Amino acid sequence: MAPLAAQCAWGLLLTFAFYMGSSCTDSASALPHHNYCIIGAGPSGLQMAYFLQRAGRDYVVFERSHAPGSFFALYPRHRKLISINKRHTGKSNSEFNLRHDWNSLLSHDSRLLFRHYSHDFFPEADTMVRYLEDFASMLELRVQYNTAIIHVRLERDSQAWNGHYFILTDHNSQSYRCSLLLVATGTWVPNVVNFPGSEYVEGYESVSINPEDFAAQTVLILGRGNSAFETAENILGVTNFIHMVSRSRVRLSWATHYVGDLRAINNGLLDTYQLKSLDGLLEGDLEDLAIVKDKKGKLHITLKFYLENSNSSAGAESITLPQDELDNFATRAPYDRVIRCLGWKFDFSIYNRSLRLMPGKGNKKKYPLIKPSYESRGTRGLFVLGTASHSIDFRKSAGGFIHGFRYTTRAVHHLLEHRHHGVPWPASIYPITQLTNSIIKRVNEASGLYQMFSVLGDIILLRENATVFEYLEEYPVGILAELELHTGRKAHNGLFVVIMEYGKNFSGADKDVFYYNRAVGEAQHAWQSNFLHPLIYYYKRLPTEREMRLRPPDWPLPRPDAVHHIVEDFLTDWTAPNAHILPLRRFLENCLDTDLRSFFAESCFLFALTRQKLPPFCQQGYLRMQGLVGNERLRHYAVEAGLLEDHTVMHSTDELLGGQGGSHDQLLKDHVIPGSPLHHLVNTKDEL
């Protein structure tokens, strides 16, 4: 900021007192200004840029590299992604297919689907780099490359959107002023644990990826995530043996149902460990370790307190090792190499204290602390996107990965559109008779609900005495209490929330997810479903912020007035008439105290004569002459199905009166309509 201060001082020397103080303000206002500034042109930065461009907003993306996706140009080191690219699903529905496409970003251009870039189920990282380059160029996104933002601070201004501007400074000392800041830098700073001898440790980010460099060597790997197992998989066939040590036990993704845990593609070391083929896994706190190097260059593992009790100037041979006291100490064999594979963390260094961007707590300390709306808890107008926003659903859902944060990024865009441009959250309005169909359609197709389970939910707002409803898609349920504030929609008549969840006690590192009878098939036991399945929460009123804070542990929402589980399905196809649709419709009818079935015109006519309150279908269709027009084919089908009585219509007044003449009034008087308006429903199939 030295040039700016000098300019202000020079202005004071050259102008009268009438202009004193104004020169600094003029200089600040002369900075290049954008309403939206995005730091980082990775997947989440490009995804937000796409939404802003489609909305016609003023934005810019700052990228330190010469091309987008610079993280993928380096990582994973062994170039194989663990995000699946399922090109064929047997269905043509594009939304459904995104459930199994974990690499594509959202756009209107079908050419920008990842299946057009790779045929591999686990694609190469270089393909992702090429895909992101095409995404940015084909959509003409406004990315400013070779611009590394090295400092961010606040500038107070009552005229700004949020009461302040964000001042960004790049590596060339050029500053920019932004009304709103979107951080999409991901987590790229390597996690490092310092202990005596850590200078002998090689980092995942720089270690050789040529297996021949490890031939006939003994290797210790620090860490137990996918990067650690990826490294082990690469050298498994050439080493003497590999040991792996970490504080926590192995977390298998198929047990935790969290895609960031160990994936099957990398777990060859588990085989060789459990089948006793020399390789092994150990648990221990890395901060308690120490490494001692002997004269031959071999690395010995010891404990820190042994060094504290030894002469620091003594040679390695004179330092007490654990095996000197315990001759079967697990890591008594020396190692040729030690490799650190501990993942990454967010770079907090460029943010001035005025932004109050703080790290989370516990195992979330590698991420910035943000609200469920993805806005910083310390500064209004600062939003965190992509992998760096994973503190919201860490080890729960997919918010740290492309197939998850492409939807949370869209949700943030909707929030911003309403806050700063008065655009309500997109919603569709339907008659209440379409409620069951709308839910069934979404749970069978929607990718956002499916991937961001327990985080994003569809909101159904009841209107006009529950005769119509508004359908809002993929709203962050963590801010449900603030729905009216963030969406511009009112929830005066109650609401339903549609989300996806796994069973409460099914997921976990210590769970056996392959036990016999692990799945539920009967609708009456749907609440015991273990695998991912839809849930519908019903609230007579919008939950309060206090109720959200006091909700039960591991519940995404507070206790509802009613809740319905749609029973899990082996094919994830929730369209079975008896098992899925009928129980859902009955639940909705009980909540609304109405009948959501569809009826033939004859039935509506009979209801009009015999009931005080008609079903909504008859009110909205038959009485307004908008229902399905009947014909002999439909009538015959209804009679055969037992849905209508077979009332034979006489062709003349004389036939009805037994051949005797009579007036029209006599006809109505003598012809009695049978008392039962509808055939008795003998089973659930008849009710469908």
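Here is a friendly exchange about the sheets, helices and aromatic rings of this predicted model.

Reader: Which strands are the edge strands of the open sheet with antiparallel pairing?

Author: Happy to start there. This open sheet has six strands, paired antiparallel in the order 17-19-18-20-21-22. From one strand to the next, the twist averages 20°. An edge strand pairs on one side only, and that holds for strand 17 (427-431) and strand 22 (562-565).

Reader: In strand 20, which residue is the bridge partner of Leu 461?

Author: Look at the two strands involved: strand 18 covers residues 456-463 and strand 20 covers residues 495-501. They run antiparallel and are joined by four bridges. For Leu 461, the bridge partner in strand 20 is Leu 495.

Reader: What angle does helix 12 make with strand 19?

Author: Helix 12 (residues 402-421) packs on the antiparallel sheet, where it touches strand 18 and strand 19 (468-476). Comparing its direction with that of strand 19 gives about 120°.

Reader: And helix 13, how many of its residues are buried?

Author: Helix 13 (residues 435-445) lies across strands 17, 18, 19, 20 and 21, running at about 20° to strand 19. Among its buried residues are Leu 435, Ile 439, Ile 440 and Val 443, and also Arg 442 and Asn 444. The helix is mostly covered, and of its eleven residues the number buried is eight.

Reader: Are the buried residues Ser 603, Cys 604, Leu 606 and Phe 607 on the same side of helix 18 or on opposite sides?

Author: Helix 18 spans residues 601-610, and these four residues are buried there. Around the axis they cover an arc of only 160°, so they lie on the same side.

Reader: Now the parallel sheet, please: which residue of strand 10 stands opposite Leu 220?

Author: With pleasure. The open sheet has five strands in the order 8-14-9-10-11, with parallel pairing, and its edge strands are strand 8 (202-203) and strand 11 (280-283). Within it, strand 9 (residues 218-222) and strand 10 (residues 241-246) pair over five bridges. Opposite Leu 220 stands His 243.

Reader: At what angle to strand 10 does helix 7 run?

Author: Helix 7 takes in residues 226-235 and lies across strand 9, strand 10, strand 11 and strand 14 (337-340). Angles between N-to-C directions run from 0 to 180 degrees. For helix 7 and strand 10, the angle is about 175°.

Reader: Which residue of strand 2 is the bridge partner of Ile 39?

Author: Strand 1 (residues 33-39) pairs with strand 2 in the parallel sense over four bridges. Strand 2 (residues 59-62) is covered on both faces, with Tyr 59 and Val 61 buried on one side and Val 60 and Phe 62 buried on the other. The partner of Ile 39 is one of these, Phe 62.

Reader: What kind of aromatic pair do Phe 121 and Phe 122 form?

Author: The whole structure holds 28 aromatic pairs. For Phe 121 and Phe 122, the centres are 5.0 Å apart, with 80° between the planes. Planes over 60 degrees apart count as edge-to-face. The pair is therefore edge-to-face.

Reader: Over which ring does the charged end of Arg 64 sit?

Author: A similar arrangement involves Arg 337, which lies over the face of Phe 214 at 4.2 Å from the ring centre. The charged end of Arg 64 is 4.1 Å from the centre of its ring, which belongs to Trp 188.

Definitions and conventions: Residues numbered from 1 in each chain as written. Predicted model: local features only at pLDDT ≥ 70, side-chain atom pairs only at ≥ 80, totals over all residues. Heavy atoms only, no water. Buried < 20%, exposed > 50% of the residue type's maximum accessible area, 1.4 Å probe, protein only. Arc of directions from axis to C-beta. Phe/Tyr/Trp six-rings, centres within 6.5 Å; stacked < 30°, edge-to-face > 60°. Lys NZ or Arg CZ within 6 Å of the ring centre and 35° of its normal. Pairing = 2+ DSSP bridges. Contact = heavy atoms within 4.5 Å.
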